[in-house]
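Please look over the sequence and the model shown here before reading on. The report is meant to be read with both in view.

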Amino acid sequence: MEKASLPQNIARIGLGAFLTFAGISHLTFARKDFQAQVPDWVPLNKDLTVLLSGGAEITLGLALMLISKEKKLTGPVAAAFFAAVFPGNISQYTHHRDAFGLDTDKKRFTRLFFQPALIAWALYGSNALTKKLKINK
């Protein structure tokens, strides 16, 4: 696999920092807001789901920042995580749940478009997307 470019490394480390911060917020000050995103069909307690997803985000964030550049699995795993939690964003929209300042359907709907951007960010920063699309050549 080709070596990641400087912008890709910046993207990877930035995403790692973002995920680590988001994970910490799951466990502390934004815990209630994240509970609003847990779909009703999830078989676990909403608070436990938030705690577990926060732990996963911290782990992914640290992995993105700290694992050797040759370890390209962290980006696709982060992308899969973003895809896996997307139903929570849809649930927040369809159930009209306010959280994170998303207090209108328009704001909640707009938020849905950020998840594909996070997926692309994870793949770009890990060099997984650029290899497939031949970006940076």
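The sections below go through a helix and its surroundings, then the salt bridges, and then some residues in loops and a pair of residues far apart in sequence.

## The model and helix α3

The coordinates come from a predicted model, and the description of individual residues should be read with that in mind. Helix α3, which covers residues 46-66, has 21 residues and spans 30 Å from its first C-alpha to its last, close to the 30 Å that would be expected at 1.5 Å a residue.

Which residues of α3 are buried? They are T49, V50, S53, G54, E57, I58, L60, G61, A63 and L64, and what covers them includes α1, α2 and α4. In the sequence, α1 takes in residues 6-27, α2 runs over 31-35, and α4 over 74-94. Several of the buried positions, including V50, G54 and I58, can be considered with the geometry of a helix in mind. An α-helix has 3.6 residues a turn, so residues three or four places apart point the same way.

## The N-terminal end of α3

The N-terminal end of α3 is capped by N45, which places a side-chain oxygen 2.7 Å from the backbone nitrogen of D47. The side chain of D47 also takes part in a salt bridge with the side chain of R31, at 2.6 Å from N to O. Because R31 lies in helix α2 and D47 in helix α3, this pair ties together parts that are 16 residues apart in sequence. Both partners are partly exposed, R31 at 28% relative accessibility and D47 at 23%.

Q35, which lies in helix α2, is another residue to consider at this end of α3. Apart from its neighbours within four places in sequence, Q35 is in contact with K46, D47 and V50. With a relative accessible area of 16%, Q35 is buried, and one of its contacts, V50, is itself among the buried residues of α3.

## Salt bridges

How many salt bridges does the structure hold? There are six, and the R31 and D47 pair described above is one of them. Side chains of opposite charge can pair when their charged atoms come close. In another of these pairs, the side chains of D40 and K46 meet at 3.1 Å, N to O. D40 is partly exposed, with 48% relative accessibility, and K46 is likewise partly exposed, with a relative accessible area of 29%.

A further salt bridge joins the side chains of R108 and D105, with 2.8 Å between N and O. These two residues are three residues apart in helix α5, so about one helical turn separates them. Are the two partners buried or exposed? R108 counts as buried at 5% relative accessibility, whereas D105 counts as partly exposed at 33%. Elsewhere, D40, K46 and R97 are joined into one network by salt bridges that share partners.

## Loop residues and a surface patch

Where is the nonpolar patch on the surface? It is formed by L44, L48 and L52, which together have about 260 Å² of accessible area. L44 is found in the loop between α2 and α3, and with a relative accessible area of 42% it is partly exposed.

The loop between α4 and α5, the latter covering residues 105-111, contains two residues with backbone angles that deserve a look in the model. H96, in this loop, has a phi near 55 degrees, a positive value in a residue other than glycine. F100, also found in the loop between α4 and α5, has a positive phi of about 60 degrees although it is not a glycine. Both are partly exposed, H96 with a relative accessible area of 47% and F100 with one of 37%.

## A pair far apart in sequence

Q8 is found in helix α1, and at 1% relative accessibility it counts as buried. Although Q8 and Y124 are 116 residues apart along the chain, their C-alpha atoms are separated by 6.3 Å.

Notes: Residues are numbered from 1 along each chain as its sequence is written. This is a predicted model: local features need pLDDT of at least 70, side-chain atom pairs count only at pLDDT 80 or more; totals for chains, interfaces and linings use all residues. Side-chain values use heavy atoms; hydrogens and water are left out. Patches are made of residues with over 30% relative accessible area and no salt bridge: like charges are joined within 9 Å, nonpolar side chains (Val, Leu, Ile, Met, Phe, Trp, Tyr) within 5 Å. Accessible areas come from the Shrake-Rupley method with a 1.4 Å probe; for residues, only the protein chains shown count as cover. A salt bridge is a side-chain nitrogen of Lys or Arg within 4 Å of a carboxyl oxygen of Asp or Glu. Helices (H or I, at least four residues) and strands (E, at least two) are DSSP runs, numbered from the N terminus. Buried means under 20% relative accessible area, exposed over 50%, partly exposed in between (1.4 Å probe, protein chains only). Contact means heavy atoms within 4.5 Å. The expected span of a helix is 1.5 Å times one less than its number of residues. A polar contact is a pair of N or O atoms within 3.5 Å; within protein, one must be able to donate a hydrogen and the other to accept it, and residues adjacent in sequence count only if both atoms are side-chain atoms.
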